[in-house]
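Open the model in your viewer and keep the selection tool at hand. The stops below go from the whole chain down to single side chains.

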Amino acid sequence: MNHETSTEILRYAAFTSDPAGGNPAGVVLDASGLDARAMSAAAAEVGYSETAFVTERDDARRRFRLRYFSPLDEVAFCGHATVATAVALAERVGPGDMVFDTPVGEIRVATTTDGGAGRATLTSAPTRSRPAEEAELAAALGALGWARADLDPELPPHVAFGGNDHLVLAAGSRARLADLDYDFDGLAEVMRSYGWTTVQLVWSETPERFHARDPFPVGGVVEDPATGAAAAAFGGYLRAIGRIREAATLTIRQGEDMGRPSDLIVEVDPADPRVRVTGRAVPIGE
């Protein structure tokens, strides 16, 4: 097997076919010799919002065990690093279906390598969503510098889960979403107190197309240009609030305000608590 050495860190941009777009992720395809401290140090050195580490590989069965680290801590699940890892593996062991064993359970991923940029579809852990409590909402709005009048009344604040918990706040306008200047330490403290991985800020361009921004101060990152786990949670949120009553495909445009545009395709079936998230990924050159 052509395993990369445990110290080799690949770099991929996920949810894009352009290395200058999407969300960069570190990928270590053979981390069997690394302990948690070494993985954490490697992720901090890379500096991306997450780096994925393949700690066990079974290429014949196409089954892989993954752990994810931000520059500050281990993360239970990361969508963009999952897509990046799946594409990196598909380029080496061939496209097709894979199974990733992660801290949130088994994640199935389908991969193709058509069109020059690898493509991966992950099936999330079962999603769930609940209305945000008054204290949660007040604390988050205060740290963001948003007013209640800035919110879209058609998309109520929720805490949604798709492998991690994310606060979902819908802006009433694209201008409100674009004007993101928040209290980094204050929001990080709020997120740590409630156990949120990101805050999923969205604006509904149409019922099927959304724009998103995801502050990630608890990971030491101001903002994620693409967040697959939050996209899965958001799909579950839309089902929970009754916006999706039959199988639907949504698109999320993220990273545009950062100059790293990303496109996430989200498939939601009311009969299935899981959500499918699709994106491309490409290597980032030196």
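Start with the whole chain: its accessible surface comes to about 11,300 Å², and 47% of that belongs to carbon and sulfur atoms. Such areas come from the Shrake-Rupley method with a 1.4 Å probe, and for residues only the protein chains shown count as cover. This is a predicted model, in which local features need pLDDT of at least 70 and side-chain atom pairs count only at pLDDT 80 or more, while totals for chains, interfaces and linings use all residues. Residues are numbered from 1 along each chain as its sequence is written, and side-chain values use heavy atoms, with hydrogens and water left out.

Colour by secondary structure next. The chain has six helices and 17 strands, which are DSSP runs numbered from the N terminus (helices: H or I, at least four residues; strands: E, at least two). Of the 286 residues, 55% count as buried (buried is under 20% relative accessible area, exposed over 50%, partly exposed in between; 1.4 Å probe, protein chains only).

Now select Phe100 and Leu169, the residues with the most contacts inside the largest nonpolar core, which has 78 residues. A nonpolar core is a set of buried Ala, Val, Leu, Ile, Met, Phe, Trp, Tyr and Cys residues joined through side-chain atoms within 4.5 Å. Add helix H2 (residues 79–93), which gives this core its largest share, eight residues. Another core, of seven residues, lies apart from it and includes Ala31, Met39, Phe53 and Phe69.

Go back to Phe100, which is buried at 0% relative accessibility. Among the residues that Phe100 touches (heavy atoms within 4.5 Å) are Phe64, Leu66, Leu89 and Ile107.

Which aromatic pairs are worth showing? The structure holds seven; rings of Phe, Tyr and Trp (its six-membered ring) pair if their centres lie within 6.5 Å, with planes under 30 degrees apart counted as stacked, over 60 as edge-to-face and the rest as tilted. Show Phe64 with Phe100: the centres are 6.0 Å apart and the planes at 80°, so the pair is edge-to-face. Phe64 lies in strand S4 (residues 63–69) and Phe100 in strand S6 (residues 96–102), so the pair ties together parts 36 residues apart in sequence. Phe64 is buried, at 1% relative accessible area.

Then select Tyr194 and Trp196, a stacked pair with 5.0 Å centre to centre and 25° between the planes. Tyr194 is partly exposed at 31% relative accessibility, whereas Trp196 is buried at 2%.

Finish with Phe210, Phe234 and Tyr237, which form one aromatic cluster.

Technical notes
Lists of a residue's contacts leave out its neighbours within four places in sequence.
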